[in-house]
Amino acid sequence: MLRIKRTRWLYLSLCFLSLCLVFAITPVKASLRAITPVVSSYTNLLEQGRNLYSVGRFVEAVTAWEMAAQRYRTQGDRLNEALSLSYLSLALQELNQWETAEKFIKQSLKILQTVKPSADALVWAKILNTQGSLQLRTGKAEIAITTWEKAQKYYEQAGDMIGSWGSQINQAQALQSLGFYRRSKQQLETLTQKLAIMPDSEVKVSGLRALGNALQTVGDSKSQQVLELSFAIANKIQAKNQLSSILLSLGKNASDLKDPEAAFNYFEDASSAATNPNEALQSRLASFKLLVDYNKPEHAIQEAPKVRKMLQELPPSHISLYAAINFVATLNRLENPDQALPGREVAQLMAATIKSAQQLQDSRAEAYALYQLAELYRRTQQWSEAKELAMRSLDIARKLQADDIIAQSAWQVGQLYKQQNNQPEAVLAYTEAVQSLKALRSDLVAVNPDIQFSFRKNVEPVYRELVALLLREQPTQAELGQARELIESLQIAELDNFFREACLDKAQQIDQVDPAAAVVYPIILPDRLGVIISQSGKPLRYYVTYEPSAAIEKTLKNLLVSLNPVSDSKNRKQFSQEIYNWLIRPAEQDGAFKDIKTLVFVLDEKLRNIPIAALYDGKQFLIEKYAVALSPGLRLMPAGSLQEDEINAIVAGISESRAGFAALPAVESEVKQISKKVPSELLLNQKFTSEALAQRLKSSRADVVHLATHGQFSSRLEDTFLLTWDGQLDVKELSELLKYRGGNVSKPIELLVLSACDTATGDERAALGLAGLAVKSGARSTIATLWPIKDKAAEMLMTQLYEQLQQPKITKAEALRQAQINLIRKTDFADPFFWSAFVLVGNWLYFSVNTENNCN
């Protein structure tokens, strides 16, 4: 049986938070031109089904539409029979009955093909839109795009512009899922321009709201502007029924931008503008969650009874079920939830939710509610009751093959076994949770938002807690192997989350790639720092330092502060040596690095901002003893030979001040020096536009792309970019340019060099952006900086790097090492601040290796 993608696209399903429009494919009255019925009661059945669907009562909607289809078939009304079957398919998709949904949509299309004269254009559009929904949900994005293109044409034939816009937004988002970010962005921008010149109307408001939500989903900052325009027009023309949902979207935007005060105000305004109980509930829920997210328990406690009262007043439906689950999930995150709502009332609410879910045949909601009720009992230390409920939730999830629920419930079961000191059963449960998380991959971000499935809260802890279980006492080789694989899988999961899609698929053990390299896997656990060492053909080694994670993180921060050239060098050496003693010295003393030339680090989160090359053993820096490379783990691209007569480069840079960024005077000299050393196409200042870079990449067979320009790495995808003369080039657009150079997946870039980048200020996870760019670009290797370097020092290091790369039989890691040593020993830039920021991410070798990186 297929594992179905549960991706949350704007126009594919009813959104429980009322944040997205459903008129484009859901069967709502405004988007469906009436078809003359044979008997008016049949139309009533269609209308009844639409009303039931719109409030999340999918089982009842299925019944109504089944009756409508049967009656239309009896009367020979083939057109409305086809429409009813299409609606049936849509509701069955919401109930996860994929095979039946596909059967009905095929029947619907088959009927349309037999109708003479040719069927109504709007009916064709609706049915094709439903088919596109099913295709995307079952992992057929390319086919879905073709289907939506057909639907768009039919909508336009019927004069239904709302449907046309919905189909175009669907296409743009499907393009995103396939990695065609520039095409997706161009499509959304074109749609924005079309909407802007339309006369003000409710149709325009709806289109702008939908477009704003689409832009929000893909992380485009223009969503705020589009949503504000939608709100302004809605106010102007008194479209009161749309105000609350627009304000909810604006609040979500503000929350994403870390502006809780603005978000709260939007949510409060959304509550005031609500025209129905569901909108009022969603607004109040959003406010409650925001207060908990930003640690305002005193205010959250006041909101909880209001939400509870609103839930009591709603009839059972899929919407009210998930609202209740969302509410209790948020309550369970409070330090003292009983202050907000007594545990007895919470238990009653979840028991009622479980009963309603059974009546509505919503097994997913039942499993989620059981999980939250188990959390309540776990919090009150009622262990046996908690385990029973957690196992019930897990059993339902297994039957549904619902990996998102399995991941949570198996984790919960594992925690309960761990509490009972039953390590074997705990490891089994945790392992099942991890396997489900891996199966989810890119869907982690898109799982039902009402269940609050987030990487930081629901994914990362599962991996870390399982690693901690495996690395107790004296781990076996099997346990070390599993722990190593988990460390790497965690890195991949974090990159997937960063890009909001699955990024890496194929792999080869990197410790089998280079026998002269050792791979170092450090991981910070609550009470210790563990280090696994992997070498080709040798058993795994494990070293541990027992220090609280808070003390370790404090030392790491102290080292970063001490790297400033004006800081006391004694402090820097002290902190650097302490970290060296944790990561390197135990293995070195054990003889693990004998005959090793390169150390490859798969760094844990808090260690990624640290310049590993600058670690100090008391006499030498690490880079003076070994070449150093960073890797996201087992995933590498094959490296081809870089011989002097084969190097071809595209070299681009901005030396002048631009868009608020300071001038980099030495960049001009840097790029010109490089252009003299290797055959190059040069783009400097005004010539370095995103379009010019795109054209050079399409027409060139360059092995190396060198970009000497301002850039920023951040843990937020939206804030990771490079500066071109005409604006900012985000990481997804850059990756598409580098990977699809001739329209298809082309020869990978051998080396991507970014010589003037920075990490986002105050962002402790900013180095994730560097790892993300390195992986997503498709380049086999990336050299970049962790912080901005004086451009003269960067010029000298880069010039030396290219000289070294032209030497015979030298790896890229060794070439960078020699360039750094040159700065240490032969220039005025010997301080680690100037040379240790340069890091190599990815393949450190110089010869072909049969490995793959599949990050589309």
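How much space lies in the largest cavity of this structure? About 150 Å³ of space lies there, and the structure as a whole holds four cavities of 30 Å³ or more. Everything described here comes from a predicted model, and the points below go from the whole chain to a helix, the cavity and a few single residues.

**The chain as a whole**

- The chain contains 32 helices and 15 strands, and of its 856 residues, 62% count as buried.
- When contacts with a separation of 6 or more are considered, residues 24 or more positions apart account for 70% of them.
- The area that the chain exposes comes to about 33,000 Å², and carbon and sulfur atoms supply 49% of that area.

**The largest cavity**

- The residues that line the largest cavity include Q491, F601, L603 and R608, and further along the chain L630, S631 and P632 are also among them.
- The lining also includes A767, L770, A771 and V841, while helix α29, which covers residues 767–776, gives the most to this lining, with three residues.
- As general background, rolling a probe the size of a water molecule over the atoms shows where empty space is left.

**Helix α31**

- Helix α31 runs over residues 812–826 and has 15 residues, and the distance from its first C-alpha to its last is 21 Å, close to the 21 Å expected at 1.5 Å a residue.
- This helix is mostly covered, since 12 of the 15 residues in α31 are buried.
- Among the buried residues of α31 are K812, E814, R817, Q820 and N822, and the buried set also includes A813, A815, L816, A819, I821, L823 and I824.

**Two residues of helix α11**

- Q242 lies in helix α11, which spans residues 240–256, and Q242 counts as buried because its relative accessible area is 4%, under the 20% cut-off.
- The side chain of Q242 is joined to the side chain of R209 by a polar contact of 3.2 Å.
- Not counting residues up to four places away in sequence, Q242 touches E202, V205 and S206 as well as R209.
- K252 also has its place in helix α11, but K252 is partly exposed, because its relative accessible area of 27% falls between the 20% and 50% cut-offs.
- K252 and A263 are 11 residues apart along the chain, and their C-alpha atoms are separated by 6.6 Å.

**Q312 in helix α14**

- Is Q312 buried or exposed? Q312, which is found in helix α14 (residues 297–313), is exposed because its relative accessible area is 54%, over the 50% cut-off.
- From C-alpha to C-alpha, Q312 and L349 are 8.8 Å apart in space, although 37 residues separate them in sequence.

**Y542 in strand β3**

- Y542 is found in strand β3, which covers residues 541–545, and Y542 counts as buried because its relative accessible area of 17% is under the 20% cut-off.
- Leaving aside neighbours within four places in sequence, Y542 is in contact with L471, P475 and L480, and also with R528, G530, V531 and I532.
- One of these contacts, P475, is 67 residues from Y542 in sequence, and the C-alpha atoms of Y542 and P475 are 8.2 Å apart in space.

Definitions and conventions:
Residues numbered from 1 in each chain as written. Predicted model: local features only at pLDDT ≥ 70, side-chain atom pairs only at ≥ 80, totals over all residues. Heavy atoms only, no water. Helix = DSSP H or I, 4+ residues; strand = E, 2+ residues; numbered from the N terminus. Buried < 20%, exposed > 50% of the residue type's maximum accessible area, 1.4 Å probe, protein only. Contact = heavy atoms within 4.5 Å. Areas by Shrake-Rupley, 256 points an atom, 1.4 Å probe, with all protein chains shown as cover. Expected span 1.5 Å × (residues − 1). Polar contact = N/O pair within 3.5 Å; in protein donor to acceptor, adjacent residues only side chain to side chain. 1 Å grid on protein atoms, 1.4 Å probe; cavity = no way out; pocket = protein on both sides within 12 Å on 5 of 7 lines; lining within 4 Å. Points joined across faces, edges and corners; volume = space filled by probe spheres on them.
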